[in-house]
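Reader: I'm in my first year and would love a close look at the metal site in this protein. Please walk me through it slowly, and then show me what lies around it.

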Amino acid sequence: MRKKVKRNWIVPEGATLTDLDRKVLSFQEAGCLVPSRKLIKTPEQIEGIRRSGVVNTGVLDLVAKEIRAGMSTLEIDEMVYDYTVSHGAVPAPLNYEGFPKSVCTSVNEVVCHGIPNEFEILEEGDIINVDVSTILDGYYSDASRMFVIGETTPEKQKLVDVARECLEIGMRAARPFGFVGDIGHAIEAHARKNGFSIVRDLCGHGVGLEFHEEPDVEHFGKKGTGMLLVPGMVFTIEPMVNMGDWRVFVDEEDDWTVVTEDELPSAQWEHTFLMTEDGLEILTY
Ligand code: MF3
Ligand code: CO
């Protein structure tokens, strides 16, 4: 028996079917999970997200220039806040579901959602993920990079490099009218090949009109499964790669900080992408 799939693609009554409608409907009729029509961004929305991405990239470039040993993660937060606000934008994390700061700073064994803190001082050999998300004129963008403080061990450097390759490989695996599962499959294969594991509890996501939209973009999975990828969709890919086991827990003190269970380091890179007629375009360069 064929699994029942939600019929997300609804053409308004009386509207003439476009070529895109016909194509997506044919996938839907074949039993595939397709996006809802509102996940396909208009050219105007794409321009808005692109402009938001320019500010977001400016923030990350500033952090890249300034980050150094001896700096506290709170100083990173202040830099992010000041740059964002002075460019007419708002840091998306600030007060998002109670998150208290403007950026996530995740050092070594912290996987993601680390909260900047004046007592957390960066040291030579640390690896840190700085995850920046921006709202400009109501449009959201989201990207993160790893930074190595000075020089680190070869193992940690390899983790950072492989995590970045995972993002690039995931990006290349995403084709228009392919599936979300194609991305996760490619990413997990690359992590495993290098002796690392992929965090399963957190995923990439649609983004643009809200911080987190459909679909969930898992960084593991099976080719040909999950939601159909349609031109005009905007979403993140943000693989979290662990040196040891994939299991993580959330710090009970702050209810945010995600840490590896085995306390081995973790690395993550993220971009916001637009699906085009011939593959993904990065909106957070
Ligand atoms: N930036 C994260 C992401 O990539 C979300 C952080 S939620 C926050 O989806 F509240 F911690 F900022
Ligand atoms: Co994200």
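Author: What follows starts at the metal and then moves outward through pockets, strands and a few backbone details.

A word on the model: it is predicted, so local features need pLDDT of at least 70 and side-chain atom pairs count only at pLDDT 80 or more, while totals for chains, interfaces and linings use all residues. Residues are numbered from 1 along each chain as its sequence is written, chains are lettered from A and ligands numbered from 1 in the order in which they are written, and side-chain values use heavy atoms, with hydrogens and water left out.

Now to the metal. The cobalt ion (ligand 2) has protein donors from Asp 142 (OD), His 205 (NE2), Glu 238 (OE) and Glu 270 (OE), at 2.1 to 2.2 Å. Donors here are N, O and S atoms within 2.8 Å of the metal (3.2 Å for Na, K and Ca); water is not among the atoms, so sites may look incomplete. Along the chain, the donors of the cobalt ion (ligand 2) follow the spacing D-x62-H-x32-E-x31-E. Asp 142 belongs to strand E5 (residues 139-148) and His 205 to strand E7 (residues 204-206), so this pair ties together parts that are 63 residues apart in sequence. Strands (E, at least two residues) and helices (H or I, at least four) are DSSP runs, numbered from the N terminus.

The site of the cobalt ion (ligand 2) is irregular, with angles of 54 to 158° among its six donor atoms. Four donors are tetrahedral if all angles lie between 85 and 135 degrees; four are square planar and six octahedral if opposite donors are over 155 degrees apart and all others between 65 and 115; anything else is irregular. Asp 142 and His 205 are both buried, a word that means under 20% relative accessible area (exposed is over 50%, partly exposed in between; 1.4 Å probe, protein chains only).

His 205 also leads us to the largest pocket, whose volume is about 410 Å³. Its lining has 23 residues, and the closest to its centre are Tyr 96, His 113, Leu 202, His 205 and His 212. A pocket is found on a 1 Å grid over the protein atoms alone: it is an open set of points where a 1.4 Å probe fits, with protein on both sides within 12 Å along at least five of seven lines, and lining residues have an atom within 4 Å of a point. Grid points are joined across faces, edges and corners, and the volume is the space filled by probe spheres set on the points. Strand E4 (127-136) and E7 each supply at least two residues of this lining.

The second largest pocket holds about 250 Å³ of space. Of its 15 lining residues, Arg 145, Arg 164, Trp 269, His 271 and Tyr 285 are the closest to its centre. E5, helix H4 (154-173) and strand E14 (271-276) each supply at least two residues of that lining, with the largest share, four residues, coming from H4.

E5, the strand of Asp 142, deserves a second visit. Nine of its ten residues are buried. Ten bridges join E5 to E4, and the two run antiparallel; two strands pair if DSSP finds at least two bridges between them. Within this pair, Val 130 stands opposite Arg 145 in E5. E4 and E5 form a hairpin with two residues between them, and Asp 137 in the turn has a positive phi of about 50°.

E14 has a partner too: four bridges join it to E9, and they run antiparallel. Thr 236 has Thr 272 as its bridge partner in E14. From strand E9 (residues 234-237), Val 234 and Thr 236 point one way and Phe 235 and Ile 237 the other way, and all are buried.

Elsewhere, three strands form an open sheet in the order E6-E10-E13, with antiparallel pairing. Strand E6 (197-198) and strand E13 (266-268) stand at the edges with a single partner strand each, so one side of each is left without a neighbour in the sheet. E10 (residues 240-242) is joined to E13 by three bridges, and Met 240 has Gln 268 as its bridge partner in E13.

Last, some backbone details. Glu 214 and Pro 215 are joined by a cis peptide bond, with omega of about 0°, and Pro 215 is found in strand E8 (residues 213-217). Asn 95 is not a glycine, yet its phi is positive, about 70°; at 60% relative accessibility, Asn 95 counts as exposed.
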